[in-house]
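Reader: I would like a close look at a single part of this model. Please take one helix, say what surrounds it, and follow its surroundings a step further.

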Amino acid sequence: MKYDYVIVGSGLFGAVFAHEMTKKGKKCLVLEKREHIGGNIYTESTSNINVHKYGAHIFHTNDKDIWDYVNQFVSFNNYINSPVAIYKDELYNLPFNMNTFSKLWGIKKPSEAKEIIEEQIKNSGITEPTNLEEQAIKMVGIDIYEKLIKGYTKKQWGREPKKLPAFIIKRLPLRFTYDNNYFNDKYQGIPEGGYTLLIEKLLDNVDLKLSVDFLDDIEKYESMGNKIVYTGPIDALFDYKLGMLEYRGLRFESMEMNSENFQGNAVVNYTEEHIEYTRIIEHKHFESVNTDTTIITKEYPSEWKLGDERYYPVNDAKNQDLYNKYRKLAGEKKNYILGGRLAEYKYYDMHIVIRSALNAVRKEV
Ligand code: FDA
């Protein structure tokens with residue numbers, strides 16, 4: 001059978017596109033090279049706990065249409081992300097807010113916190129930041145930088161913050177209220193039953209083949225559809241002929257523990273440089289699961305090499321320039337639609353990916 005669309009990848013972009021087109025009577029085939037659907041939002045149920053296998057995922061958006069869209073398929077709980085950070089055995093609330101400032105300096109009033117931060121920024125003498133360290137200090141002062149940003153950033157990027165460009169940190173929000181809700185968005189939550197259920201619902205009536213790599217036999221798969229929707233890495237589509245786009249990698253170390261509650265929170269950051277992981281995720285707290293055991297995951301940033309999972313694109317000038325060249329090549333493939341985080345070489349939050357897939361559908365019909 002000839003499909004209207006062969007969709008490469010069963011992540012959010014591919015699944016939303018496939019769902020919408022199938023609803024419109026188009027024949028779609030989804031090819032997925034992994035053994036499971038869902039791309040990086042995949043959750044796996046272990047001992048009744050939904051484990052976020054590719055990193056913690058919290059759905060948040062201000063876009064009511066997108067919120068209503070996902071809620072047609074699954075119910076979302078009222079999880080609010082309130083991570084904490086540990087530095088030298090002291091615990092600090094995130095994002096940086098009055099709870100954090102009170103713990104740092106023993107103060108209670110917003111005016112006192114503002115005064116301390118402004119004084120520290122002034123004393124730093126930084127006017128034109130030339131690197132990430134200076135940029136951060138100019139935004140939040142020395143104490144917050146030293147305790148909560150420096151070590152974490154160094155681990156995350158594998159480089160001294162002084163050697164990283166200033167543009168990486170564009171904004172460091174400071175909140176002068178006692179509010180630990182990490183996101184400012186109106187809608188927030190976790191799908192009850194995990195993200196895999198959301199993707200299952202999206203792909204309900206769609207033909208799907210798992211463990212199939214489109215790039216292993218491009219001609220064969222191209223001939224199966226009138227159009228190809230490609231959500232894989234853009235450089236791989238062209239066999240890396242112009243060079244390889246760089247990513248920052250992650251390594252996850254998970255363990256089940258004979259404890260009902262290990263850390264009392266879903267996300268705990270470790271901001272000291274000598275602790276190799278950046279955070280510990282305790283998955284059961286995303287859905288308030290009541291079980292005798294718990295599953296935690298330590299997250300270690302790593303150098304990325306070909307063959308590793310791609311996590312964070314390195315959007316510096318060199319990589320962006322290379323991406324633009326690949327994008328130009330992709331423009332010549334007239335029956336292709338490229339979308340999602342890998343084909344667009346972009347860090348994309350989930351609600352933005354959904355919006356982008358819906359836009360691609362609209363453009364098609
Ligand atoms: P995704 O990578 O999910 O899907 C692409 C699919 O294509 C994969 O399944 C892949 O196997 C498949 N594929 C690739 N090449 C193929 C080939 N040749 N043949 C067949 N299949 C192929 N967002 C948010 O809103 N809140 C959050 O809390 C987080 N947290 C978060 C943590 C971390 C560590 C990261 C890196 C990212 C987040 N995100 C997030 C972002 C979120 O992960 C992202 O928006 C979606 O996964 C993007 O979905 P895509 O479909 O674009 O890509």
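Author: What follows looks at helix α2 and then at two of the elements that cover its buried residues. The model is a predicted one.

Helix α2 runs over residues 64-71. At its start, the backbone nitrogen of Asp 65 has a side-chain oxygen of Asp 63 within 3.1 Å. Further along, Ile 66, Trp 67, Tyr 69 and Val 70 are buried. These four lie on the same side of α2, because the arc they cover around the axis is only 160°. The spacing fits a general rule: an α-helix has 3.6 residues a turn, so residues three or four places apart point the same way.

Several elements take part in covering the buried residues of α2. Among the helices are α1 (12-23), α7 (195-202) and α12 (350-364). Strands β5 (59-61) and β8 (187-189) are also included.

Two of these covering helices, α1 and α7, also meet each other. Their axes come within 8 Å and cross at roughly 30°. Angles under 35 degrees count as roughly parallel, so α1 is roughly parallel to α7. On the α1 side, the contact is made by Leu 12, Ala 15, Val 16 and His 19. Helix α7 contributes Leu 198, Ile 199, Lys 201 and Leu 202. Of the residues in this contact between α1 and α7, six are nonpolar, one is polar and one is charged.

Key: Residues numbered from 1 in each chain as written. Predicted model: local features only at pLDDT ≥ 70, side-chain atom pairs only at ≥ 80, totals over all residues. Heavy atoms only, no water. Buried < 20%, exposed > 50% of the residue type's maximum accessible area, 1.4 Å probe, protein only. Arc of directions from axis to C-beta. Contact = heavy atoms within 4.5 Å. Polar contact = N/O pair within 3.5 Å; in protein donor to acceptor, adjacent residues only side chain to side chain. Axes fitted to C-alpha atoms, helices over the stretch in contact; angles between N-to-C directions. Parallel < 35°, antiparallel > 145°, perpendicular 65-115°, else oblique. Nonpolar A, V, L, I, M, F, W, Y, C, P; charged D, E, K, R; others polar.
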